[in-house]
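User: I'd like to go through this model and pin down what the labels on it rest on. Can we take them one by one?

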Amino acid sequence: MSHTTPRRVLVHPDPNTLAAATAARLITRLIDLQSVQAPVHLVLTGGTIGIQLLAEVAKNPAAGAVDWSEVHFWWGDERFLPAGDPDRNETQAREALLDSLAARFEPLHLHPMPPLDPAQGVSTPDEAAARYREELAAYAHPGLATPRFDVLLLGMGPDGHIASLFPGKAEINARDISAVGVENSPKPPPERVSLSLEVIQQARAVWVVAAGQEKAEALAAALSHAPLDQIPAAGAAGTEETLWLVDLAAAGLPGE
């Protein structure tokens, strides 16, 4: 899929400012979207800055202006672990934000990736991915295999991975499939589930949030259109907007 959406890079002084500013930006975007449509489909990410971002949303007084009952929450990737495991992105997102909204959103609008649960027939990442493909299809936008994601949040690893799409792994090239199982991930835990790059690129807005000097080399490579099999983040793009929200260190700039 080709994209002509220009990529904008917004640099923040430090990780705390990055998380708070991105939270405010997200709240504003949700409010703006809700003035013209319902529901809104939001894809969450994990990682240190991704979870800090959700905690900042919870703390922001303007979050009260969002109609959370009309927001669907999805995940870009997940660690294939039992429900409630503290390393699951879902568990961390619940603690940071979702539990505080429990009285304000519709439980059926929460779409976590299936956990490891052999009793429910989910014993492998591929089985979890298959279940998630069914969930995505149940809310699919016409012509797509998934909802039309309004905002899709991503983190990026020092190796340039996004979601659980890692350099040199076959999953980065998956086509005509919305979610994939990942085994032998180079980052623990080794078993994961991820949206495909094809689906990520169908989102209206893709926001990549990255902080830390260890991300600087991968960030520069991604913005220089490095090959996807080397830097998957180079493929992060939305159909209407692509934002890179980073701190000074990730941008390779000296601190103030």
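User: What makes Arg192, Val193, Ser194 and Leu195 of strand S7 count as buried, and which way do they point?

Analyst: Arg192 and Ser194 point one way from strand S7 (residues 192-195), Val193 and Leu195 point the other way, and all are buried. Buried means under 20% relative accessible area, exposed means over 50%, and partly exposed is in between (1.4 Å probe, protein chains only). By the way, this is a predicted model, where local features need pLDDT of at least 70, side-chain atom pairs count only at pLDDT 80 or more, and totals for chains, interfaces and linings use all residues. Residues are numbered from 1 along each chain as its sequence is written, and side-chain values use heavy atoms, with hydrogens and water left out.

User: How do you know that S7 pairs with S4 and with S6?

Analyst: Two strands pair if DSSP finds at least two bridges between them. Strand S4 (residues 77-79) and S7 have three bridges, in the antiparallel sense, with Asp77 opposite Ser194. Strand S6 (residues 179-182) is joined to S7 by four bridges, also antiparallel, and Gly181 has Val193 as its bridge partner there. The strands themselves are DSSP runs (E, at least two residues), as helices are (H or I, at least four), numbered from the N terminus.

User: What makes S2 and S8 partners of S5?

Analyst: Strand S2 (residues 40-44) and S5 pair in the parallel sense over two bridges, so the cut-off of at least two is met. S5 and strand S8 (residues 205-210) have three bridges, parallel again. Leu152 of S5 has Val43 opposite it in S2 and Val206 as its bridge partner in S8. On S5, Val151 and Leu153 point one way, Leu152 and Leu154 the other, and all are buried.

User: Why are S1 and S3 called edge strands?

Analyst: The open sheet has six strands in the order S1-S9-S8-S5-S2-S3, with parallel pairing. Strand S1 (7-12) and strand S3 (71-75) each pair on one side only, so they are the edges.

User: Why is Thr146 called buried?

Analyst: Thr146 has 1% relative accessibility, which is under 20%, so buried is the right word. Thr146 sits in the loop between helix H4 (125-138) and strand S5 (151-154). Not counting residues up to four places away in sequence, Thr146 touches residues including Leu136, Tyr139 and Ser178; contact means heavy atoms within 4.5 Å. Thr146 and Ser178 are 32 residues apart in sequence and 7.1 Å apart in space, C-alpha to C-alpha.

User: And why is Leu253 called partly exposed?

Analyst: Its relative accessible area is 43%, between 20% and 50%, so Leu253 is partly exposed. Leu253 lies in the segment after strand S9 (241-247).
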